[in-house]
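Subject: Structure for you to look at, with notes

Dear colleague,

I am handing over the structure we spoke of, and you will find it directly below. Please read the notes after it with the coordinates open beside you.

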Amino acid sequence: MFISLDHLSKDFRKKPGALTDVTLDLPHGMIGLLGSNGAGKTTLMRILCGIIRPTGGRVLVDGNDMADATVRRAVKKSLGYLPQDIEPYPNLTPGEFLDYVGILKGMDSRTDRRRQAEDLIGQVGLADARNRRIGGFSGGMRRRVGIAQALMGDPQLLIVDEPTAGLDPEERMRFRTLLSRLGQDRTVILSTHILDDVAQTCSYVCVLRSGTVRYDGATEGLIDAARGRTWLTAPVPAPPGEGVVVNATTAAGGTRYRVIADTAPQDAEPVDPTLEDGYMALTLTDSVSQENL
């Protein structure tokens, strides 16, 4: 499933410019959607799901305009969506809840629904809790139920918003492996604040900032934005405006700072960049651009 966004915009009464002139051709496979809170990620995903309508522009799915009600219905039938906050019905077991979701998705065969529900319960690591009521689940377990419901009906377009929030490291690794496998034969849009999830699973990434596209392309290309600009230094780094501190690590030898800067800070050594460094390099570029206005 191929998605094209043509000069897409969305205005809300209390937030004009939630999206502004977003033009993208999203490829088949795993797509990472990055941006700070309020950048427009959730708005974009809700438009793609047909939950809200854009103020301007078009969304084309396999060349068909989602402004057409028939196209929207067809997309929804082939869509799996995991919102950032989901509360499955507490009085149901995972199997009962997934069976209900399957009915909503138009799966007429009870046998197929139950077979797929059982398979997904195993994939998300809930086999031992299949007969328990969801109301007694931990937050991470409820999140896994949410992941499973998004996969019911074998969707060709899967949109997941912060899917690994609340999951422990082992669960995160399991889900990343699952996403990577799913992305081989469908379109998966992954919105997350955990850049390592994108680095491990997505070959393509889009960065939104204040409702506009700051970067779209190969994940490796975003990493390259920090190549030759990533430094490790022990002294206190330069003041804001001269560089961006990515993180600080404290060990027996003291604190060392990882810094993005166009020129090397005092006593700094160059290091290979990560996706986090590339993302922060955009922040430095934006800050410099704002200063020059």
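What follows is a description of the structure, from the overall fold down to single residues.

Please keep in mind throughout that this is a predicted model, so every value here is computed from predicted coordinates.

Taken as a whole, the protein contains 9 helices and 14 strands, and its C-alpha atoms fill a box of roughly 65 × 50 × 35 Å along the principal axes. The radius of gyration is 21 Å, which agrees with the value near 19 Å that a compact globule of 293 residues would have. Of those 293 residues, 47% count as buried, and among the contacts between residues at least 6 apart in sequence, 67% join residues that are at least 24 apart.

One sheet is an open, antiparallel arrangement of 4 strands in the order β2-β1-β4-β5. Its edges are β2 (19-26) and β5 (64-65), and because each of these has a single partner strand, one side of each is left without a neighbour in the sheet. The contact between β5 and β4 (residues 56-61) consists of 2 bridges, with the two strands running antiparallel, and V61 stands opposite N64 of β5. Helix α1 (residues 41-48) lies across β1 (3-10), β2 and β4, and it runs at about 120° to β1.

Elsewhere in the chain, strand β7 (residues 157-161) is mostly covered, since 5 of its 5 residues are buried. In a regular strand the side chains alternate between the two faces of the sheet. In β7, L157, I159 and D161 point one way while L158 and V160 point the other way, and all of them are buried. Strand β7 pairs in the parallel sense with β6 (residues 79-82) over 4 bridges, and also in the parallel sense with β8 over 5 bridges. I159 takes part in both pairings, as the bridge partner of Y81 and as that of I189 in β8.

Following the chain beyond β8 (187-191), one comes to T192, which lies in the loop between that strand and α7 (195-201). Is T192 buried or exposed? With a relative accessibility of 1%, T192 counts as buried, the cut-off being under 20%. A polar atom of the T192 side chain lies 2.9 Å from the backbone nitrogen of I194, and, leaving aside residues up to four places away in sequence, T192 touches L33, L34, E162, D197 and V198.

Finally, a word on the cysteines: how many disulfides does the structure hold? The number is 0. The sulfur of C202 has its closest cysteine sulfur in C206, at 12 Å, and this is too far for a bond because a disulfide requires the two sulfur atoms to be within 2.5 Å. Seen from the other residue, C206 is likewise in no disulfide, the nearest cysteine sulfur being that of C202, 12 Å away. Both residues count as buried, C202 at 6% relative accessibility and C206 with a relative accessible area of 1%.

With best regards

Conventions:
Residues are numbered from 1 along each chain as its sequence is written. This is a predicted model: local features need pLDDT of at least 70, side-chain atom pairs count only at pLDDT 80 or more; totals for chains, interfaces and linings use all residues. Side-chain values use heavy atoms; hydrogens and water are left out. Buried means under 20% relative accessible area, exposed over 50%, partly exposed in between (1.4 Å probe, protein chains only). A polar contact is a pair of N or O atoms within 3.5 Å; within protein, one must be able to donate a hydrogen and the other to accept it, and residues adjacent in sequence count only if both atoms are side-chain atoms. Contact means heavy atoms within 4.5 Å. Two strands pair if DSSP finds at least two bridges between them. Axes are lines fitted to C-alpha atoms, for helices over the stretch in contact, and angles run from 0 to 180 degrees between N-to-C directions. The radius of gyration is taken over C-alpha atoms; the globule rule is 2.2 Å times the number of residues to the power 0.38.
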